[in-house]
Amino acid sequence: MQPDADVLVIGAGACGLATAIAAHDSGVSVAIIEKLDRPGGNSSLSTGSVPAAGSRFQREAGIADSPERFVADLMRIGGATDCPDLVRRVVHTSAATVEWLADSVGARIALVTAYKHIGHSVPRLHAPASRRGQDLVDDLLRAVETRGIPLAVGNGASALLPDGRGGVIGADVETINGERQRIIARKVMLAVNGFAGNRDLVARFCPEISGAQYFGARGSTGEAVLWGEQLGAGFGNMGAYQGYAAVSDPHGSILSWTTIEKGGIIVNGAGQRFGDESAGYSGYTPNVMAQGVPCFAIFDQQIFDVAAAEEEFVELASYGGVKKGATPADLANLHGLDADAVTASVESYNKAARGEQLDAFGRRDFALAPLSGAVYICRVVPGLFHTQGGLMVDNDGRVLRSNGQPIANLFAGGGAAAGLSGRTGASGYASGNGLLGAIGLGRLAGLAAADEVKSWNAA
Ligand SMILES: Cc1cc2nc3c(=O)[nH]c(=O)nc-3n(C[C@H](O)[C@H](O)[C@H](O)COP(=O)(O)OP(=O)(O)OC[C@H]3O[C@@H](n4cnc5c(N)ncnc54)[C@H](O)[C@@H]3O)c2cc1C
């Protein structure tokens, strides 16, 4: 049967777009389908931060880093993982990934030196200046368009087509208007992200965060898990997820974690701190979740000024999501909190930051704290951003059965594949693990799928 495309990419987020560009540039034909009426998925909502070790951008900035150091960081924060080889492979190709993004895709990314964020012992996040994932997605889309790669939005894959020998040979597709068609392809890439938008799957695999609001894109409804189960695929790291401890409420945009990393704190509705915020925006999510009510981030002018380099933070502040007061008591009054409790929380924290006492919750990294001068407050709630568990794949993104054998012609990456954040929970998520799995593994899968097509053509 004549295929409609050599490689069919299902899902037009960062992973699918990276796969498509890499495969196309290797000389095979590619088609992308996207079930929603616009591409981008969670990637558009992200801060567009992609970590890489040993990149030329790091060398230019005088930052000494290596893949070994990055792997050690991921293993330290993530703990046990179902796919240690994949972690190593994606990390060892991470510098090539971001350089490819800049040079071949034309993405406007630069090394972030203002902060390291969670899990990284040196600055290694590469991101758009705006810290908007949409900018990164726009650059990927431009590269797709320039190459003439067809991308059909409003076309969701409804099932994978079996090839009769245990592999796949394309997908059934349903448009938003209910029209159906069948796409035959030599290779199929599952770039449909994870299952954070599927309540049943979250309750089954990540019960700890079940019930939290999902702040990602609508498309993450878990087809990779559902189809993988039908095909007898193996799964890995299914309990791991990225949470976010400080989604601004009611605005719904993220409060930049720079505000906390640089020395801010989070108090609950009683005006009291309840843990060590340096666990990070993902790792601290269960702590905020356990408070059961909105919480409040508090930081000072110095920290505000650092965060003000980020467009989304400035936007949140301009919409009134971040409020200013002369003292902690003023801040408390703005939200009807107990002024004495908030003042006592800030004073106790400041003593620890000045080294006059140990922090009550064991925090040791105070950055720009103690908090002084004008102070700011933002009401926050915890959110689920994406799941990190998924299909077991080999080092080139080939989907594996539970017995370790590949399912012929089927690839996966990004949120559809097992992630880089350890087996379970929110604390294993290092900043950028999502997009590194998406773009890094997407590129590798695109290259491998194209190689398989070319070998088959040559045979
Ligand atoms: C607010 C927020 C901030 C984040 N910040 C960061 C960050 O700074 N750095 C980082 O590394 N990660 C971050 N993440 C996580 C990151 O966004 C994801 O891990 C990453 O975008 C996953 O990429 P993906 O291509 O696999 O999925 P997506 O970008 O979600 O793309 C998947 C696409 O597949 C489509 N799709 C789904 N099912 C089908 C189907 N059946 N047929 C056709 N199409 C389908 C979806 O509609 C979607 O467009 C953040 C997440 C959120 C929500």
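Which backbone atom lies 3.2 Å from a nitrogen atom of the ligand? In this predicted model, that spot goes to a backbone N or O atom of S49. K35 joins in as well, with a polar backbone atom 3.1 Å from a nitrogen atom of the ligand. The ligand's oxygen side gets a partner too: a polar backbone atom of G415 sits 3.0 Å from an oxygen atom of the ligand. Taken alone, the ligand would expose 1,000 Å², and the protein buries 98% of that.

So much for single contacts; now for the surroundings. The ligand is surrounded by 40 residues, and the closest of them are E34, N42, S43, T47 and L435. Sorted by class, this shell holds 22 polar residues, 15 nonpolar ones and just 3 that are charged. Several elements pitch in with at least two shell residues each: the helices α1 (14–25), α2 (41–45), α9 (223–231) and α17 (433–458), along with the strands β7 (155–162) and β16 (375–387).

The model also has pockets to look at. The second largest pocket has a volume of about 480 Å³. It is lined by 22 residues, and H117, I118, E261, S278 and D365 are the closest to its centre. What is the make-up of this lining by class? The lining of the second largest pocket has 8 charged and 8 nonpolar residues, plus 6 polar ones. For the shell around the ligand, by contrast, the count of charged residues is 3.

How values were computed:
Residues numbered from 1 in each chain as written. Predicted model: local features only at pLDDT ≥ 70, side-chain atom pairs only at ≥ 80, totals over all residues. Heavy atoms only, no water. Near = heavy atom within 4 Å. Polar contact = N/O pair within 3.5 Å; in protein donor to acceptor, adjacent residues only side chain to side chain. Areas by Shrake-Rupley, 256 points an atom, 1.4 Å probe, with all protein chains shown as cover. Helix = DSSP H or I, 4+ residues; strand = E, 2+ residues; numbered from the N terminus. Nonpolar A, V, L, I, M, F, W, Y, C, P; charged D, E, K, R; others polar. 1 Å grid on protein atoms, 1.4 Å probe; cavity = no way out; pocket = protein on both sides within 12 Å on 5 of 7 lines; lining within 4 Å. Points joined across faces, edges and corners; volume = space filled by probe spheres on them.
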